[in-house]
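Biologist: I've got a chain here that I'd like to walk through with you. Mind if I throw some questions at you once it's on screen?

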Amino acid sequence: MEIKIALAGNPNSGKTTLFNNLTGSRQRVGNWPGVTVEKKEGTLKGHNEVTIQDLPGIYSLSPYSLEEVVSRNYLVKEKPDAILNIVDGTNIERNLYLTTQLLELGIPMVVAVNMMDLVERNGDKIDISKLSQELDCPVIEISALKGKGTKEAALKAVEVAKSHHAAKISQTYTKDIETTLKKIEAVIENQVNHTMLRWYAVKVFERDERIDEFIKLDTAQKSQIEPWIQSVEEKIDDDSESIITSQRYDFITKIVAHAVKKKGSKHELSISDKIDRIVTNRILALPIFVLIMYCVYTIAMGGTAISIGTMGTDWANDVLFGEIVPNFFEGILTSLHVNDVLSGLIMDGIVGGVGAVLGFVPQILVLFLLLSIMEDVGYMSRVAFIMDRIFRRFGLSGKSFIPMLVATGCGVPGIMASRTIEQDRDRKMTIMTTGFIPCGAKMPIIGLFAGAVFGGSSLVATSAFVIGIAAVVISGIMLKKFKAFAGEPAPFVMELPAYHLPSAGNVLRATWERGWSFIKRAGTIILLSSIVLWFLQGFGFTDGQFGMVEDNNTSLLASLGSAIAWIFAPLGWVGDMAWKATVATFTGLIAKEEVVNTFGVLYNFSEVSEEGNEIWTLIAHDFTPIAAYSFMIFNLLCAPCFAAMGAIRREMNNKTWTVASIAYMCVFAYVSSLIVYQLGGLLLGEVSFGFWTIIALALLILILYLLFRPGYKPKSEALKINQIQAVK
């Protein structure tokens, strides 16, 4: 008999670590039906009949975000055999809020109190037996990171699932509320599962906006119930949802008073708090974050002796794809006497194109590894907190940083993560700006130009990240002043987990998942596009006849690129490299890795190396530093790859907004590159003052005007301001 156990808990409670610990490699990843929220499930190690469903991390079962809706729908409609509720012991009050809601579902449940090692280290004590008694369900102490107690918690969940024993409702409200809930239960009892009667009654009392998905109340029932709810609201002088929330926390306070003992003064700072006083300091937080990111990029992509990623990429480009792979294929092709056309396709198209991208895998893996460590340690949550303070000043929702953080790995899940933002205007603005963040696919572009033109400078690599953030901030200020985006951003709530040592398993798994996604692209989309590129740059019309060409300046690709290269001439893409840069930019719409791949094919070399390699020499010859920086900025900020565009289309669910989003990114990228090249080139003496310099200066003035002009005020906000002024 199959047993389904739902793993539920707050974000950053250690739920993912526990899931990985219990299932290992026996995981299946997909999407929930009808939505693109990630769905993870796995089989309990050693128990093939036990399936563990990892629910999205949530703070409550109220329908404020898509993750909460997905989790609630699964629990109520699918009704698993048991719930394994993971609770962060270092922040037990906040985590028990979800626990009180889960208990009302009438599903057998086990509470796993995680991070008990940190609790003990802080000198606090949690009486597990008293906590179990108060909640009327089994409570197990665990350390998901160290694997202590995790198997026992899972087996206990299997045991309660088989026994079908659900906790009695330990949460009690005041007399007036309890009386009203009993009346509501009497009205709806024939319409719902009796084990979930209490939960339905509470949701009807709260006027849950999505309750109609589960229970259909007719007009007579609503008119009967509404006066009861209004009566309670008048007595307590608050709305029904706030009343329930307040009394839940009163209940939690009593539980904590009985079962939890804090060491020393309640105002005494923990180790995490002491660290946060420095890394989240209003003055030091941002410089520390920039310094950390500089170190990350130096180790992953810099040109120094400590750059592990660069050393790996040097070997991959110089040895693996510079000697081993080309020599291997060349030997086979020579022995088989393959004709020149097929040989050129394999060596220049496939090996040269794909090898140019795969050579950057070591750098990307090191970057993902370092970012995964920062996430697992708990620092990235602090970064979100730091950026929230900054983002809100510029009209962006604090939650906007989460999609942008995810987008550092890949823009597609980053755009998808925007659905956690409640307000539609904030969500749309986040989708429009998330593509500015340098994702893993853009890293080869940064690495190529940082190495070829700027001597492997870590400052150039770091500036790419800073430019992305700056583009987001500038866009936020400008867009927020238009009517479509005006209004206060949604409030930001996020748990700050205690600092802890990273789990090797979690870090390596996250690194591999992101890295493998990059490698798969190289093996599929990039492979196919490499063949197309090779054909377009290897064939053309010579003396009125179509065939292979010796000089790719006479190829089909050169003709196509040259026809539209004039568009980018003001950005400094001129001379022999103009059409190549143009073609590389357009192929980057297939996948951003294609930009480097295109240069690899166009320069007819089967390898791309960090130090002294032929293609780097040619790029350094073709691009001036300011033109290279202009090219890099445009390709970092312009429209994302086709996959990300598809994600924008799905999340916007509107063709007009989709087109507007992509157009905005392209225009913003063009204007930014134009200003950088024309004005930067003027200061460096590379550009003479002329028509496009005037245009660049005018656009800079326009941006400054849009940044500092008075914005549109919604009527509700304008009314509040007038009332305040009237009082004064």
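Biologist: How many helices and strands does the chain have?
Modeller: Keep in mind that this is a predicted model. Going by its secondary structure, the chain comes to 32 helices and eleven strands.

Biologist: What share of the residues counts as buried?
Modeller: Buried here means under 20% relative accessible area. The chain has 728 residues, and the share of them passing that test is 56%.

Biologist: And how much accessible surface does the chain have, and what part of it belongs to carbon and sulfur atoms?
Modeller: The accessible surface adds up to about 31600 Å². Carbon and sulfur atoms hold 61%.

Biologist: Let's go to strand β1. Is it mostly covered or open?
Modeller: β1 spans residues 3–9. Six of its seven residues are buried, so by the cut-off of under 20% relative accessible area the strand is mostly covered.

Biologist: Which strands does β1 pair with?
Modeller: On one hand, five bridges join β1 in parallel to residues 50–54, with Ile3 opposite Val50. Five bridges, again parallel, link β1 to residues 82–88, where Leu7 stands opposite Leu84. Those partners are β4 and β5.

Biologist: Which helix gives the largest share of the largest nonpolar core?
Modeller: That core has 95 residues, and Phe449, Phe599, Ile619, Phe623 and Phe631 have the most contacts inside it. Twelve of the core residues come from one helix, residues 458–480, and that is α21.

Biologist: How many residues are in the other core, the one with Ile83 and Phe251?
Modeller: This core lies apart from the largest one and also includes Val119 and Ile184. Its count is 60 residues.

Biologist: Now Ala484: why is it called partly exposed?
Modeller: Ala484 is in the loop between α21 and α22. Partly exposed covers what falls between the buried limit of 20% and the exposed limit of 50%. Ala484 gets that label because its relative accessibility is 46%.

Biologist: Which residues does Ala484 touch, leaving out those up to four places away in sequence?
Modeller: Asp426 is 58 residues off along the chain, with 9.9 Å between its C-alpha atom and that of Ala484. The residues that Ala484 touches are Arg425 and Trp657.

Biologist: Last one: why does Phe328 count as exposed?
Modeller: Phe328 lies in helix α13, and together with Phe329, Ile332 and Leu336 it forms a nonpolar surface patch of about 380 Å² accessible area. Exposed means over 50%. Phe328 qualifies because its relative accessible area is 51%.

Technical notes:
Residues are numbered from 1 along each chain as its sequence is written. This is a predicted model: local features need pLDDT of at least 70, side-chain atom pairs count only at pLDDT 80 or more; totals for chains, interfaces and linings use all residues. Side-chain values use heavy atoms; hydrogens and water are left out. Patches are made of residues with over 30% relative accessible area and no salt bridge: like charges are joined within 9 Å, nonpolar side chains (Val, Leu, Ile, Met, Phe, Trp, Tyr) within 5 Å. Accessible areas come from the Shrake-Rupley method with a 1.4 Å probe; for residues, only the protein chains shown count as cover. A salt bridge is a side-chain nitrogen of Lys or Arg within 4 Å of a carboxyl oxygen of Asp or Glu. Helices (H or I, at least four residues) and strands (E, at least two) are DSSP runs, numbered from the N terminus. Buried means under 20% relative accessible area, exposed over 50%, partly exposed in between (1.4 Å probe, protein chains only). Two strands pair if DSSP finds at least two bridges between them. A nonpolar core is a set of buried Ala, Val, Leu, Ile, Met, Phe, Trp, Tyr and Cys residues joined through side-chain atoms within 4.5 Å. Contact means heavy atoms within 4.5 Å.
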